[in-house]
Every structure is written in C-alpha cells, then in structure tokens.
Amino acid sequence: MAEHILVLGDQLTERVGPLFSAEPDRARVLMIESRELAAGLPHHKQKLMLVFSAMRHFAQTLRERGFDVSYLQAANFATGIREYLDEFPGAELVVMRPTDWGVEREIIDAAVGAGAHVNVVDNELWLTSDAEFDAWAEGRKSLRLEYFYRSVRKARGWLMDGDKPVGGRWNYDAENRQVPGPGHDFPSVAGFEPDALTVEARAQVDATWPDHFGDTRAFAWPVTREQAVQALEDFVEHRLASFGPYEDAMVEGEDVLYHSLLSVPLNLGLLHPREVCERALAHASDPLNGVPLASIEGFIRQVLGWREFMRHIYRIGMPHLREANGLDATRPLPNLYWSGSTRMTCLQRSVDQIARTGHAHHIQRLMVLGNFALVAGVDPRELNDWFLATFVDALDWVVTPNVMGMSQFADLGSFTSKPYAASGKYIDRMSNYCASCAYDVKSVDGDNSCPMNSLYWSFIDRHRERWVANHRMAVIARGWAKRDPEAKARILARAGDVLEKLSDNTL
Ligand SMILES: Cc1cc2nc3c(=O)[nH]c(=O)nc-3n(C[C@H](O)[C@H](O)[C@H](O)COP(=O)(O)OP(=O)(O)OC[C@H]3O[C@@H](n4cnc5c(N)ncnc54)[C@H](O)[C@@H]3O)c2cc1C
C-alpha cells in the first residue's frame, strides 16, 4: 500500500521526517499551494515568489527522484486535501506536525470530513523537542531565554568545556555592540539569480497580486537546497567572524552587514538548524579562521537559543498570545509602515529596505519598527499582521512571539522582564541614521525634536504605575516622576504634536 506524504511549504526537506525513509515506488507526495494563505494579507510579493518557487523546485526535485507528486493549487488546505482524497479515497495522509497554530486542526478536519485519516508525526525540523522544553519550563516562575539557552547548550555540549561554558562566560552580548566606522568595508553577499521557475512565479505574483506590498525586482533569495547550502557557506566563510561585534549595528545603505540571512532557508526547511550550528561551530573551531568566541557564541545563541525558544513560547502561548494587548494600545498602524513616507530616516530607510528586499535585520525590526510602534501606542495586533505580511521570512510561529511578546510587551512580559522601548539616543548610538535625519536627535521637546524622544517619555508617563512596579524600569519611571513639571508638560505636548502628525501622515 502506498504511503501518502503531505509536505507543507515550510517543510521542504528529505533529510528528516517521512520523506527521509520514503521509497519512490511506495510513496506518493501531496503538496498544496493555498490561495487563501497568499491572499489573506497583502503579503510581500517576494515572499509569495519565494514560497511558490521553493515549493515548486522541491516538487521538481522529488519527481526527478522518482516520486509521484500531486502539486495542487487550491483555495485552501481543506479543499486541496479533499481534492486529493477524491482521487485516492481512504488514503491515510502522513504529515510532520505543522508549527503554525490551527493548521494541524485544519488538515485533520479536512481529511476526517472526507472519510480519511491523518497520521501527524513529530516535526523533526527542530533542534529541541516539546518534551525537552516542557521539562525545562516545569515549575519555573518565569521563562527566560538565557536559562533555556544554557540548558540546551549543556545538553548538546556545544561551546562547552565540561560543565562550564568555553571562555568562562555564557554570554558575550556586552562585546557585541560595536558600530562600524565610516568607510568600513563590508563583504558582498551571495545572491541567487532567479531561474525559469522563479521568473514564472514572479510573473504570476505580479499579475495576480499587483497591489500587494513590495517589489519583485531585487529578488535574490535561495529557493533550492543547493542554493541554501551555498548561502550557509557564504555566511560562514565571509560574515560569521564579524557577526558578533556588529550584531546590533545599523548602517545606512548596508542591508545585511554581517547577518546570516539564513532565516529564509531555515524557515522553509531547506536548512536544518542542526547543520547550520554544526557548520558554524566547525568553522569557528579552526583558529586559522579567526572567529572570535563572541561571534560564534552570539550566532549559536540566535539559532539554538532564540529561534527554538520562540517557537516553544508560541506553542504554549497560542491562541491568546496573538490577541494580547496588555498595554491597551489602540492607535491604528500608521500609514508610513506601508508607504515609508516620513522624514524620520531610521523608519524611512527600514521600510524602503523591506519593500525592496523583504528583509531587515533584528535591530531594525526590534528597535526601529517595533520600538516606534510601541512608544506611539500602536495596536500590537495590527503591527503583528504588518510584520507577517511584509517580511519574506515571516511565519506565524516566529512573528507572533517576536512582535506580541518581545517587541510590544502585549503579553506583559511572559518571557521578557521589560519592554524594548528606547528613545532616539539608542538609535543614534547604534546607527548612522540620525546624521541624515530631518529631526534633531539631541532635542526632546523642540518643534524639530526626534519623535522617538518625546514618544518614549510619553510611553513612560502613560504606564508610569506599571513601570514603577517593574524592577528594570523603576529607576527610569521614578526619574521621570521627579522631573520638573513644566519640562514634562513640554515633552508631552511635543509627543501630542508628533502623534497628530503621524495621524495626518505628515511626520
Ligand atoms: C518584531 C520582530 C519580528 C521578527 N520577525 C521575524 C520573522 O518574521 N521571521 C524570522 O525568522 N525571524 C523574525 N524575527 C527574528 C529575527 O529578527 C530574524 O530571525 C532575523 O533578523 C533574520 O535575519 P538573519 O537570518 O540575517 O538573522 P541573523 O541575525 O543572522 O540570526 C541568525 C538566525 O537566528 C535566528 N533568530 C535570531 N533571533 C531570532 C528571534 N528573535 N526569533 C527567532 N529566530 C531568531 C534566525 O533563524 C536567524 O536566521 C523577528 C524579530 C522581531 C524583533
């Protein structure tokens, strides 16, 4: 009897899961492009190109290996599954557990409704299992990345010296806050020329969703396993060594700096996080490659730490995490998040970069786009949808904890101890954006003052009682309370003026 393997768009791998042991003469494959997913939000055109092209390439590879592949373009998963089961009545589908919330239910309901069964097996695209996280989390008062990361690093023996971290410290973040000086020579990044399948996907996306966000011209993302491996090699060889020191920096005109750009192939399943970590560790272990401990530790922290941690936070936090709004933020998402039209250089350059490439790095996401929405009091659910729509690497499991939890504090700190809120001072320290900005980052209340400054203080003021009770925010909140009332009134008036301009689209 043939096995019927359902392969989802973020599980494009033969290296783990049901396809690993499947024989082409004993297994059939079902893949479904869901129109509902594509059209549900104004997804970046490059994101749709990427997912369609990567799925179609994967189907082609499987066919070359001898598999029969039913590749369906359906209204949604349910109709696709029903269509397949009409052809193969009673077939038992096997699928790796979907990571995005609700998808497993949708698949099971569709199959059961058509009189069939689904065998949902473990999703082997992760480094840590649900059981490992749950055992670690059990009985803890608070869930913090730092302790989860230490536990999983120990368990894998990565960067360990017996029971102790190599170098004597778990965390080198303090060394990883450098800003490249003027004229710094960044390495170029390997991009991938669209082939016929990608060009076809581009034409289809441009014709079907012309009003979706972003531009397709600069598409250079990896869409096959071979390209994903090349992207990994390119990062490890040319950017890993400087990944740590410049991890938090932002530079006008530099999209990538030393970041890996590996979220795209990782989130599609084209790369396994284990091979990414092991390749980086192997490269760093050769002293001739000159990879400082702060760089390799910083990178492993992201992939073994943050990436795994966030998907568990999502798993245990859904569905309420997506609806959280603990700070009662109700401002509609400002239009500038779509248009990029503002005189604030940090926001303008970041939105422009996303429209062009579908990507911005972590600090642009957290400290520019997220921070501005947080201090301006934007409804976190609208921001979540925006992040989900506008980034090529966006999937619900990764966007929702990052936006609702890490960036917007909408869950009131289920895994963070304080909100990531900052004034323009932070952006000035970590970037060169302020030098070309129309606003004055040194001014807090003047007509031309940086909007982040007054909004930051109005955010502190708005939630002052909450911050006084938060041990990491209390000093700031008390300091604000003690300031001269007239100075405070001037700052709050300027914040009001900024918000008016934001609503009028004249900021
Ligand atoms: C508001 C906000 C929204 C985000 N949206 C996404 C998203 O849609 N998709 C996505 O993959 N990541 C998202 N992230 C996490 C992180 O910003 C991106 O993974 C990273 O910028 C991707 O670029 P890179 O591959 O060059 O990452 P690098 O800086 O090179 O980091 C290496 C890898 O670590 C992993 N990683 C690092 N931080 C995180 C994190 N906080 N959560 C999950 N994985 C992490 C990623 O897989 C990344 O590829 C978001 C973060 C924030 C604050």
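In this predicted model, helices α4 and α5 meet through a defined set of residues. On the α4 side the contact involves F77, A78, I81, R82 and L85. On the α5 side it involves E106, I107, A110 and A111. By class, seven residues of this contact are nonpolar and two are charged. No polar residue takes part.

Two packed helices are described by the angle between their axes and the distance between the axes. Helix α4 covers residues 77-87, and helix α5 covers residues 103-113. Their axes come within 9 Å. The crossing angle is roughly 35°. The crossing of α4 and α5 is right-handed.

Helix α5 also belongs to the surroundings of a sheet. It lies across strands β4 and β5. Its direction is at about 155° to that of β5. Another helix, α3 (residues 45-64), lies across β2 (27-34) and β3. Helix α3 runs at about 165° to β2.

The sheet itself is open and has five strands. Their order is β3-β2-β1-β4-β5. Strands of a sheet pair through backbone hydrogen bonds, either parallel or antiparallel. Here the pairing is parallel. The edges are formed by β3 (68-74) and β5 (117-121). Each of these edge strands pairs on one side only. From one strand to the next, the twist averages 25°.

At the β5 edge, the partner strand is β4, residues 92-96. Five bridges join β4 to β5, and the two run parallel. Within this pair, V95 stands opposite V120 of β5.

The ligand was examined next. Its shell consists of 27 residues. The closest are H259, S260, S263, Q302 and A394. Four elements each give two or more residues to this shell: α11 (263-268), α13 (293-317), α17 (362-376) and α19 (396-407). Helix α19 supplies the largest share, with six residues. In terms of class, the shell holds 14 nonpolar residues, ten polar residues and three charged residues.

Where does the ligand lie relative to domain 2 and domain 3? Domain 2 spans 130-189 and 239-315, while domain 3 spans 336-504. Both domains give residues to the shell, so the ligand lies between them.

Note on methods. Residues are numbered from 1 along each chain as its sequence is written. This is a predicted model: local features need pLDDT of at least 70, side-chain atom pairs count only at pLDDT 80 or more; totals for chains, interfaces and linings use all residues. A residue is near a molecule or strand if its C-beta atom, placed from the backbone, lies within 6 Å of it. Ala, Val, Leu, Ile, Met, Phe, Trp, Tyr, Cys and Pro count as nonpolar, Asp, Glu, Lys and Arg as charged, and the others, Gly among them, as polar. Domain bounds come from an automatic or database domain assignment. Axes are lines fitted to C-alpha atoms, for helices over the stretch in contact, and angles run from 0 to 180 degrees between N-to-C directions. A crossing is left-handed if the near helix is turned anticlockwise from the far one by less than a right angle, and right-handed if clockwise. Two residues are in contact if their C-beta atoms, placed from the backbone, lie within 7 Å. Two strands pair if DSSP finds at least two bridges between them.
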